[in-house]
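These are my notebook entries on one structure. I looked up its aromatic pairs, its nonpolar core, its cysteines and its sheet.

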Amino acid sequence: MATRQCSRTSCARAAAATLTYVYTDSTVVVGQLSAAAEPHSYDLCAHHADRFTAPRGWDVVHIQTEYVEPEPSTDDLEALARAVREAGRPRPEPAPAFTPPAPVASEPRRGHLRVIADQG
């Protein structure tokens, strides 16, 4: 499942908002969770999005006032069900390993060595 987590250290909650810094305007924008993870943005859970404070002298713009942690989508549930079904399927028996026949020597074996007659 592809649930994004909060970017705050040691927070394991699901992300509910995206935080972006606009350095040229000294502004922090906290809004709806972006569709895809952005390299220069931070995903926050509802708890951290509501309690975020900006650096001194910066403005904070909250585009959304209520941040709700996303529920699992049907795609997530279907992917989980497929994974469980796949794990529960019986595995096919492996094919027996092929063992080539032992070479035939012209003289009988003595211990672990074989004597092969010179044909020259």
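**Entry 1: aromatic rings**

I began with Tyr-21, which counts as partly exposed because its relative accessibility is 25%. I note at the outset that the model is predicted.

How many aromatic pairs does a search of the whole structure find? The search returned four. One of them is formed by Tyr-21 and Tyr-42, an edge-to-face pair with 6.1 Å from centre to centre and 85° between the planes. Tyr-21 belongs to strand β1 (residues 17-22) and Tyr-42 to strand β3 (residues 41-44), so this pair ties together parts that are 21 residues apart in sequence. I recorded Tyr-42 as partly exposed, at a relative accessible area of 40%.

I then turned to the rings of Tyr-23 and Trp-58, whose centres are 5.8 Å apart and whose planes stand at 90°, so I entered this pair as edge-to-face too. It links distant parts of the chain, 35 residues apart: Tyr-23 sits in the loop between β1 and β2 (27-32), and Trp-58 in the loop between α1 (46-50) and β4 (59-62). For accessibility, Tyr-23 is exposed, with a relative accessible area of 61%, while Trp-58 is partly exposed at 23%. Ring pairs join Tyr-21, Tyr-23, Tyr-42 and Trp-58 into a cluster.

**Entry 2: nonpolar core**

Which residues make up the largest nonpolar core? I listed 10 residues: Cys-6, Cys-11, Ala-17, Leu-19, Val-28, Val-30, Leu-44, Cys-45, Ala-49 and Phe-52. Strands β1 and β2 each contribute at least two residues to this core. As background, I noted that nonpolar side chains tend to be buried together in soluble globular proteins.

I checked the contacts of Phe-52, leaving out residues up to four places away in sequence, and found that Phe-52 touches Leu-19, Tyr-21, Val-28 and Val-30.

**Entry 3: cysteines and His-48**

I searched the whole structure for disulfides and found zero. Why is there no bond between Cys-6 and Cys-11? The closest cysteine sulfur to that of Cys-6 is in Cys-11, 3.9 Å away, which is too far for a bond, because a disulfide requires sulfur atoms within 2.5 Å. For Cys-11, the closest cysteine sulfur is in Cys-45, at 3.8 Å, again too far for a bond. Cys-6 is buried, with a relative accessible area of 7%, and Cys-11 is buried at 12%.

I next looked up His-48, a residue of helix α1. Is His-48 buried or exposed? At 16% relative accessibility, His-48 counts as buried. Not counting residues up to four places away in sequence, its contacts are Cys-6, Arg-8, Cys-11 and Arg-13. Two of the cysteines in this entry, Cys-6 and Cys-11, are thus touched by His-48.

**Entry 4: the sheet**

What is the order of the strands in the open sheet? I read the order of the four strands as β3-β1-β2-β4, with mixed pairing. Strands β3 and β4 stand at the edges, each with a single partner strand, so one side of each has no neighbour in the sheet. On average, neighbouring strands of this sheet are turned by 20° against each other, direction ignored.

I looked further into how β1 and β3 are joined: the two strands run antiparallel and share four bridges. Within β3, Ser-41 is the bridge partner of Thr-20. The same two strands appear in my first entry, with Tyr-21 in β1 and Tyr-42 in β3.

Definitions and conventions: Residues numbered from 1 in each chain as written. Predicted model: local features only at pLDDT ≥ 70, side-chain atom pairs only at ≥ 80, totals over all residues. Heavy atoms only, no water. Phe/Tyr/Trp six-rings, centres within 6.5 Å; stacked < 30°, edge-to-face > 60°. Buried < 20%, exposed > 50% of the residue type's maximum accessible area, 1.4 Å probe, protein only. Core = buried A, V, L, I, M, F, W, Y, C linked by side-chain atoms within 4.5 Å. Contact = heavy atoms within 4.5 Å. Pairing = 2+ DSSP bridges. Axes fitted to C-alpha atoms, helices over the stretch in contact; angles between N-to-C directions.
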